[in-house]
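Trainee: I am new to this structure and would like to go through it step by step. Could we begin with the terms and then turn to the details?

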Amino acid sequence: MVHIVGAGPGDPELITVKGQRYLKEADVVIYAGSLVNPQLLDCCRSDAKILNSAHMTLPEVVAAVEEAEQTGKMTVRLHTGDPAIYGAIQEQMDAFEKRGIAYDVVPGVSSFLATAAALKQEYTLPGISQTVIITRQEGRTPVPEREKLRSLAAHQATMCIFLSITMLEDVVKELIAGGYEETTPIAIVQKASWPDQKIVRATLSTICEAIEGKGIDRTAMIVVSRCLGSDYELSRLYAPEFSHMFRKASK
Ligand code: SAH
């Protein structure tokens with residue numbers, strides 16, 4: 001059996017209890033070495049076979065899993081954050097499916113949520129934005145025309161932009177062209193939840209200058225939102241005059 005496990009954003013304590021249990025039990029661990037914190041592997045058995053998928057192709061990953069399956073071994077495929085977000089797991093699951101290899105998926109804390117925690121920020125403030133858009137600037141992976149940053153910007157929702165820090169100038173241009181004011185707050189968090197986490201806050205017009213010389217060039221989340229430092233309405237959920245299923249209004 002293969003368990004596809006979300007490793008979380010970096011802090012080894014941010015893996016789920018279930019994910020860690022599978023890691024402790026695994027005969028074979030294939031981890032995404034470019035982003036997964038290697039400290040997570042400290043809990044693995046000393047005789048576990050550990051492979052870094054950063055140096056492997058998809059057929060090599062599948063072959064390693066197949067080999068383990070033939071001898072009745074359990075494999076953990078460890079992906080950064082949550083495996084469903086830019087994890088390239090669909091092609092692996094399809095390959096397992098084709099070969100009759102049983103697998104399941106254990107979710108993880110995605111980096112866009114670790115970023116919110118680092119910023120001490122709620123993404124969904126009443127009266128400001130009730131929507132979070134997870135997206136990326138086009139790189140080697142194409143982005144469908146209808147999902148270009150410029151079109152998504154029209155919603156003025158909170159946007160978490162993955163995989164795009166090296167294209168920050170283009171990101172900013174697209175967002176402004178799409179309708180965001182130049183004064184819209186933006187935050188960049190590099191390596192959220194890692195000991196060397198960095199945070200830079202600015203506005204769309206000042207961010208490119210603000211990150212200059214900060215060494216922020218990879219593993220960074222771009223968050224654009226009027227939620228970042230704005231006046232918002234209090235939530236109805238905790239309003240004294242508001243009744244709901246579990247609480248009667250006090251006034
Ligand atoms: N599945 C992962 C995302 C993989 S794509 C998840 O759910 O988080 C890799 C991108 O994720 C990076 O380019 C960066 O934009 C973001 N990322 C991953 N870890 C991060 C972290 N600790 N802090 C900020 N961004 C991170």
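Mentor: A polar contact is a pair of N or O atoms within 3.5 Å. Please keep in mind throughout that this is a predicted model.

Trainee: Which residue has a polar side-chain atom that lies 2.7 Å from an oxygen atom of the ligand?

Mentor: A pair of N or O atoms counts as a polar contact when the two lie within 3.5 Å. The distance of 2.7 Å to an oxygen atom of the ligand meets that cut-off, and the polar side-chain atom belongs to S111.

Trainee: How much of the ligand's area does the protein bury?

Mentor: Besides the side chain of S111, the backbone takes part, since a backbone N or O atom of P9 lies 3.0 Å from a nitrogen atom of the ligand, and a polar backbone atom of L163 is 3.0 Å from an oxygen atom of the ligand. Taken alone, the ligand exposes 550 Å², and the share of this that the protein buries is 95%.

Trainee: How many residues surround the ligand?

Mentor: The closest ones are I85, S110, S111, A192 and A220. Counting every residue that surrounds the ligand, the number is 18.

Trainee: Is T115 buried or exposed?

Mentor: T115 has its place in helix α4, which covers residues 111–119, and a polar atom of its side chain lies 2.7 Å from the backbone oxygen of S111. Leaving aside neighbours within four places in sequence, T115 is in contact with Y123, V189, A192, M221 and V223. Because its relative accessible area is 1% and the cut-off is under 20%, T115 counts as buried.

Trainee: Where is L163 found, and is it buried, exposed or partly exposed?

Mentor: L163 is found in the loop between β7 (158–162) and α6 (168–177), and together with Y86 and I134 it makes a nonpolar surface patch of about 260 Å². Its relative accessible area is 47%, and values between 20% and 50% fall into the middle class. L163, in that loop, is therefore partly exposed.

Trainee: What percentage of the residues of the chain count as buried?

Mentor: The chain has 7 helices and 10 strands, and its C-alpha atoms fill a box of roughly 60 × 50 × 35 Å along the principal axes. The accessible surface comes to about 13,500 Å², with 52% of it belonging to carbon and sulfur atoms. Of the 251 residues of the chain, the share that counts as buried is 45%.

Methods:
Residues numbered from 1 in each chain as written. Predicted model: local features only at pLDDT ≥ 70, side-chain atom pairs only at ≥ 80, totals over all residues. Heavy atoms only, no water. Helix = DSSP H or I, 4+ residues; strand = E, 2+ residues; numbered from the N terminus. Buried < 20%, exposed > 50% of the residue type's maximum accessible area, 1.4 Å probe, protein only. Polar contact = N/O pair within 3.5 Å; in protein donor to acceptor, adjacent residues only side chain to side chain. Contact = heavy atoms within 4.5 Å. Patch = residues over 30% accessible without salt bridge, like charges linked within 9 Å, V, L, I, M, F, W, Y side chains within 5 Å. Areas by Shrake-Rupley, 256 points an atom, 1.4 Å probe, with all protein chains shown as cover. Salt bridge = Lys/Arg side-chain N within 4 Å of Asp/Glu carboxyl O. Near = heavy atom within 4 Å.
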